[in-house]
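Here is a short set of exercises to work through with the model open beside you. Try each task yourself before reading its solution.

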Amino acid sequence: MKQTGFVLAAVILAVLLSGCSVQKKQKEGRKPIEYTIIEDDEVPEGFQNMIEEESHTLMCLTWEDEDGIYIARGYGEQETSGYSIEVKECSMQEGIIYIHTSLIGPAKDEKISDTPTCPYIVLRVQEKEKDVVFE
């Protein structure tokens, strides 16, 4: 009985470790791609409407036109002002664009308002007809 538990634990450990190494190998093959952070007045009108509709929830949206792919990432409604979004990765591997962002809270010395905000960021990449994966 004890041997069965040991074997089961060894199998689970092997699966977990192999999953980690596969993920690491996939990230190693990615190539960074150039992107531009787009201001609200530069976002295509139809895409801006989509963003406004979804901005109060966790948001991962894409829009493609002749200028490339627009990628919007939002973190839903926050209780105060002062939040920003950092782009940690914008890369491509095997025809897939990978986006990794993080929400950054207000700095301790920053003056904030108690008005709720919905921070989001819009990027544009020159690629076309690619899938986008948000991480």
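**Exercise 1. Work out the strand order of the open sheet of four strands, and find its edges.**

Step 1. Start with the order: the open sheet runs β2-β7-β4-β3, with antiparallel pairing. Strands here are DSSP runs of E with at least two residues, helices are runs of H or I with at least four residues, and both are numbered from the N terminus. Two strands pair if DSSP finds at least two bridges between them.

Step 2. Now look for strands that pair on one side only: these are the edge strands, β2 (36-37) and β3 (58-65).

Step 3. Check the pairings. Strand β4 (residues 68-75) is joined to strand β7 (residues 120-125) by six bridges in the antiparallel sense, and Gly74 has Tyr120 of β7 as its bridge partner. β2 and β7 also pair antiparallel, over two bridges, and Ile37 stands opposite Leu123 in β7.

A note on the model: it is a predicted one, in which local features need pLDDT of at least 70 and side-chain atom pairs count only at pLDDT 80 or more, while totals for chains, interfaces and linings use all residues. Residues are numbered from 1 along each chain as its sequence is written, and side-chain values use heavy atoms, with hydrogens and water left out.

**Exercise 2. Describe how helix α2 packs on the sheet, and sort its residues into buried and exposed.**

Step 1. Locate the helix: α2 covers residues 45-54 and touches β3, β4 and β7. Contact means heavy atoms within 4.5 Å.

Step 2. Compare directions: that of α2 makes about 170° with that of β3. Such angles run from 0 to 180 degrees between N-to-C directions, with axes fitted to C-alpha atoms, for helices over the stretch in contact.

Step 3. List the buried residues of α2: Phe47, Gln48 and Ile51. Buried means under 20% relative accessible area, exposed over 50%, and partly exposed in between, using a 1.4 Å probe and protein chains only. Seen down the helix axis, the buried residues of α2 fall within an arc of 100°, so they line one face. That arc is taken from the directions from the helix axis to the C-beta atoms.

Step 4. Match each face to its surroundings. The buried residues of α2 pack against β3, β4 and β7, whereas the face turned away carries the exposed residues Glu45, Glu52 and Glu53.

**Exercise 3. Which residues touch the most other members of the largest nonpolar core, and which strands supply it?**

Step 1. Fix the term: a nonpolar core is a set of buried Ala, Val, Leu, Ile, Met, Phe, Trp, Tyr and Cys residues joined through side-chain atoms within 4.5 Å.

Step 2. Of the 13 residues in the largest one, Ile33, Ile71, Cys90, Ile97, Ile99, Leu123 and Val125 touch the most other members.

Step 3. Trace the sources: β4, β5 (84-93), β6 (96-104) and β7 each give at least two residues to this core. The biggest contributor is β5, with four residues.

Step 4. Look for a second group. Apart from this core lies another, of nine residues, among them Phe47, Met59, Tyr70 and Val122.

Step 5. Return to β7, where five of the six residues are buried.

**Exercise 4. What joins β5 to β6, and what lies between them?**

Step 1. Count the bridges: nine join these antiparallel strands. One of the paired positions is Gln93, whose bridge partner in β6 is Ile96.

Step 2. Inspect the turn: β5 and β6 form a hairpin with two residues between them, and Glu94 in the turn has a positive phi of about 50°.

Step 3. Follow β6 onward to strand β8 (residues 131-134): the two pair in the parallel sense over four bridges. Here Ile99 stands opposite Phe134 in β8.

**Exercise 5. Is Leu58 buried or exposed, and what does Leu58 contact?**

Step 1. Place the residue: Leu58 belongs to strand β3.

Step 2. Apply the cut-off: at 60% relative accessibility, Leu58 counts as exposed.

Step 3. List the contacts. Beyond its neighbours within four places in sequence, Leu58 is in contact with Arg73, Gly74, Tyr75 and Gly76. The C-alpha atoms of Leu58 and Gly76 are separated by 4.7 Å, although the two are 18 residues apart along the chain.
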